Structures are given as structure tokens and as C-alpha cells.
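Reader: I am new to this structure and would like a close look at a single part of it, set within its surroundings. Could you walk me through one strand slowly, and then widen the view?

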Amino acid sequence: MDIFLQQIINGLVVGSVYALIALGYTMVYGILQLINFAHGEIVMIGAMVTITCINFLIGHNVNLPGPLLLALGLAMAIPVTMLLGYLIERIAYRPLRKAPRLAPLITAIGVSIVLQQAAMMIWGRNYRAFPAILPSDVVEFGGASITTLQIAIIALSIVLLIGLFLLIERTKMGRAMRATAQSPDVARLMGVNVNNIISLTFMIGSALGAVAGVLVAANYDQAHAYMGFMIGLKAFTAAVLGGIGNLGGAVLGGILLGLIESIGSGYLGDLTGGFLGSQYKDIFAFLVLILVLIFRPSGLMGERVAERA
Amino acid sequence: MLQVKNLKVAYGGIHAVKGIDLEIKQGELVALIGANGAGKTTTLKTLVGMVKPAEGDILFNGQSITRMPAHEHVNHGLVMVPEGRGIFSRLTVEENLLMGAYVRNDKAAIKQDLERVYELFPRLKERMKQLAGTLSGGEQQMVAIGRALLSRPKLLLLDEPSMGLAPIIVQKIFEIIRMIAAEGVTMLLVEQNAKLALQTANRGYVMESGSITLSDTAENLLANTKIQEAYLGE
């Protein structure tokens, strides 16, 4: 087996999910200069609602092909997370819009804890298995293997990324979002309802987060109430790596982080002479975060972030 | 068209505007002149809802707009070109212009208006795909004015259109301002370049530390010795 090629495949799978989540962080930051730390919990809730929904359908003997069940689960989870994203902004962040920047940041951490605890009350503290409804055929090539699920994850991520870019770059609404991110006051003069644009940004980010949560859960066959913390932190790292506030940067950062983590963990055992195994893969994300913050706080594609922060 | 009654604006205890009255009639080009910090920009910002007044009333075509949210003003034809131009530097020239038509849905007419702006400013047509932040100050001012025209203004508020521009560009911008006025757009022009403003306007108001101290025809203001001494540098 070709370990290097295998790790690249794994990295792309994980990285494309990081990219979807990182977009949620970066879009909100672009408009509000706020790190929405509750975004990781949105990802988790997206996964949990989908699993619950699929189990409910299976429990009621709904006999449908796996991908269709998954689509129905998502059709439930996406509106739920969008509503949640809307409410979080409306209730927790909007009243603090003119407050010092530390206040919404602490609030974001608070919201994150509230959602995590609420999820534990609803779904319990145990791991939830992802229903085995998806085909997991393995495709072999070049000494490496990839499952059909992983191919689907990458494909779906690409479709969503292209869709988002078309929305932001080619539609009137996207133009208004970009204008608002640059100058809310002037956008208002043009007739843009800035509050609506902000709500919309939270909702789009949440929808992407929900899909990402489901993809992660399907990939690892499980989900749990505190999964949002780690994946949220990693996606945040990806957003910072790419240059927070920059959409292209979030995608680049996500993919790169996925690759670094995957390739790094693949060779971690060799590198440390067996002292550290691949279970320590999480150190790479935080190593990247620390290095970026020290050497290039504006990220790979970012500009002017350092002066704003 | 616009009536302002006893307008007072305060920023955290500082009274920037201390109870002013203004009136602008359909088709007029009115100048608001005064020194730096007299409250001119605050007045304009209050007219478009960016700043909430402490007291007073603003009537637009007889309807009170004092408490109207900022983003609804453009629907009524009340449009401002902000101080410092306020262009979206990371949007292209064309995207900036189209932001002016944000509340409009008449696609064919928007396209026509866009072509008209390009006729008015051929330089912008050459640079339509360029990011607006890469333009010179004069070109950015053209974008800001062109963008305002795409909002189809009934009353256009211009805040310091000459600021930071070379004299030859200022001439060009004021030519355009006269042209827009000739087409029947009512305008309120805030300028530190009082001479140019009064030469362009029909009427003028003079603002001093938050109050209107003088109001007359532009001709009379230009002939007024006090104004000449204080603002015209003569």
C-alpha cells in the first residue's frame, strides 16, 4: 500500500470538510469581525439531527435507499441549523454589536457551551453510531484505496463550494454581502438591509456546517455531543491559515490543514521513532495555528487582518 | 421637497447640530457651506438616517422620515454620496455602480442607466472590470457619483465632492454636478470649497458650530463681504 498517496486521499476528504466549516467562520468574521465559536456546535447539531431523523425513518420501516434517507435527514438538519444560526446571531450577538470586541467573543464561547450542554441533554453523552445506510465499496488505485463514501464527500463538498462561490460572486445578494463586509454604512445607503445580510450570512454558514457535520459523522461512523469543539477549532485554524475573512483562503486553509494533518499523522510514528502514534494527529492543527499566528497572522491569502485585530 | 425643522443632533453629550431649519425646493441646487467641524456632514448623515437626531423633524415630500431606517431612504429617492466617496474598494467598478441600483428591479432600465453613466464617465467604462480600490481619487469620485445616479435620486446629497482632488478633476466633477442638476435632480451640496459651491448653487446656507447663521441666494452670499472674508479668502 502506498502510504503517501493514501494519506493524501484521507487529507483531501477531511480537508474538504474543514473547508466547508471554515467558510462559516470566515463569512461571519468578514462581516462582523467576530469569531463565532458556536459554529462548531452547529456542525455537531447538524450531524445529531440527521442521525436522529434517519433512525426515526428506519424505526418506522421507511424503506428507501441509503442516500435518499441521508438526503431526508439533511433536509431536516439544514433548516434546523439555519434557524439556530439565525437565533444565535439575533439573541446573542446583535445586542452586542456596538460593545467592545471582547464581549461578543466571550458570548460566543458561552453560546458554544450552552449548545453543547443542550445537546448532551437531548442526545446523551454517549457516542451515537451513524446508521449503516450508505454503501461503502472500496475503490483501489495506485496502491491506495478510497471508499465510495469518501468520493461522495469530496464531490459534494466541491459542489457546495462552487455553489457558494457562484452565490457570492455572481448574484445580487452575494454582491450585497461583499459590499456589507467592506462597508456596512455605505451598503445601507445603497438600500441594503444590513441586519438581513448578517442573518443570511449566519444561515448560509450554518447550512454548510450542518452538511459538514453529517459528512464527518458518516465518515467516522459516529457523532457525539462534544464533537463540535475539536472540529470547530480545527476549521477555525483552517480559516486563520487561509486568512480569516477570505473565502478562498478558508477553502485553501481547510484542504491544506487536512493534508498536513493526514500526512503528518501518517508519518508521526516514524518521525518520533514510535514515541508518538497517529492518535496524536491533532497536534498538527494546533502547531499550524501557533506557527501561523506567530509568523503570518494575516494568513496565506489574507490582507489587513492584523491591523484590524 | 425637503423640510428640516429644528434639527438637533448630539454625539455622546456633544451637540454637533443645534436646532437647524433647512428647506430645499424641487429642482434647486442648494449649497451648505461652513468651516471644518461646523456640523455639515452630521447634518447630511442625519438626513439619510445614518445618525439619529435628538430632536426635530425631517419632512421629505411632506412625509416625516425622521425615524426611517437608513436603508429605506434610497427607496424614496433620497441618495447620498458620502464624504470620502465610500466606494467598495474590493468590488469592481461595475459592481460598485450596480450597488447603486440595489433596490431596483427594472433590469432593462438599470442597463440603460449604466450605459448613461459610462457615457458621462468614459473612463469608468474602460475600467469597469477593475477593482474600484485601484482607481485614482478622481475616478473613485466618478464611481461614487455614477453609483448614486443608478439609484435614480430625487434629492441627491453630495458630501465634499472636491475633497482631495486635483483642481482639474474638481472642475470635471462640478461640470457633471451642473449637468445632473440641469436634468432636474434636486441637490444639496456640502463643500468646504465655498466659492466653487456658491458658483454652482442657486442658494446657500452657511453653517457655524452647529447652527445656520445665514441663508440667501448664492449670488448674494458670494457678494457678502463677511462671507468673502470668512470663506472665500478674499
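Author: What follows looks at one strand of chain B, then at that chain, at its contacts with chain A, and at parts of chain A.

This is a predicted model, in which local features need pLDDT of at least 70 and side-chain atom pairs count only at pLDDT 80 or more, while totals for chains, interfaces and linings use all residues. Residues are numbered from 1 along each chain as its sequence is written, and chains are lettered from A and ligands numbered from 1 in the order in which they are written.

The part chosen is strand β8 of chain B, residues 186–191; helices (H or I, at least four residues) and strands (E, at least two) are DSSP runs, numbered from the N terminus. Of the 6 residues in β8(B), 6 are buried, where buried means that 20 or more other C-beta atoms lie within 10 Å of the residue's own, exposed means 12 or fewer, and partly exposed lies in between, with C-beta atoms placed from the backbone. B:T186, B:L188 and B:V190 point one way from the strand, B:M187, B:L189 and B:E191 point the other way, and all are buried.

Two strands count as paired if DSSP finds at least two bridges between them, and β8(B) pairs in the parallel sense with β3 of chain B, residues 29–34, over 5 bridges. In that pairing B:V30 stands opposite B:L188. Strand β7 of chain B, residues 155–159, also runs parallel to β8(B) and is joined to it by 5 bridges, with B:L155 as the bridge partner of B:T186.

Widening the view, chain B has 9 helices and 10 strands. Its radius of gyration, taken over C-alpha atoms, is 17 Å, close to the 17 Å that the globule rule (2.2 Å times the number of residues to the power 0.38) gives for 234 residues, so chain B is as compact as a globular protein of that length. The C-alpha trace of chain B spans about 45 × 40 × 30 Å along its principal axes, and buried residues make up 46% of its 234 residues.

B:L189 of the chosen strand also belongs to the largest nonpolar core, which has 163 residues, and is listed with A:A19, A:A22 and B:L157 as having the most contacts inside it; such a core is a set of buried Ala, Val, Leu, Ile, Met, Phe, Trp, Tyr and Cys residues joined through C-beta atoms within 7 Å. Helix α1 of chain A, residues 3–32, gives the most to this core, with 16 residues.

Where the chains meet, 15 residues of chain A are in contact with 19 residues of chain B, contact meaning that the C-beta atoms, placed from the backbone, lie within 7 Å. On the chain A side, α6 (172–182) and α7 (184–189) each supply at least two residues, and α6(A) gives the most, with 5 residues.

Turning to chain A itself, the unreviewed UniProt entry lists several spans as "transmembrane region", among them residues 143–168 and 283–302; annotations of this kind may be inferred rather than shown by experiment. In the model, residues 143–168 of chain A are 81% helix and 15% strand, with end C-alpha atoms 39 Å apart, whereas residues 283–302 of chain A are 65% helix and 0% strand, with end C-alpha atoms 24 Å apart.

Key. Two residues are in contact if their C-beta atoms, placed from the backbone, lie within 7 Å.
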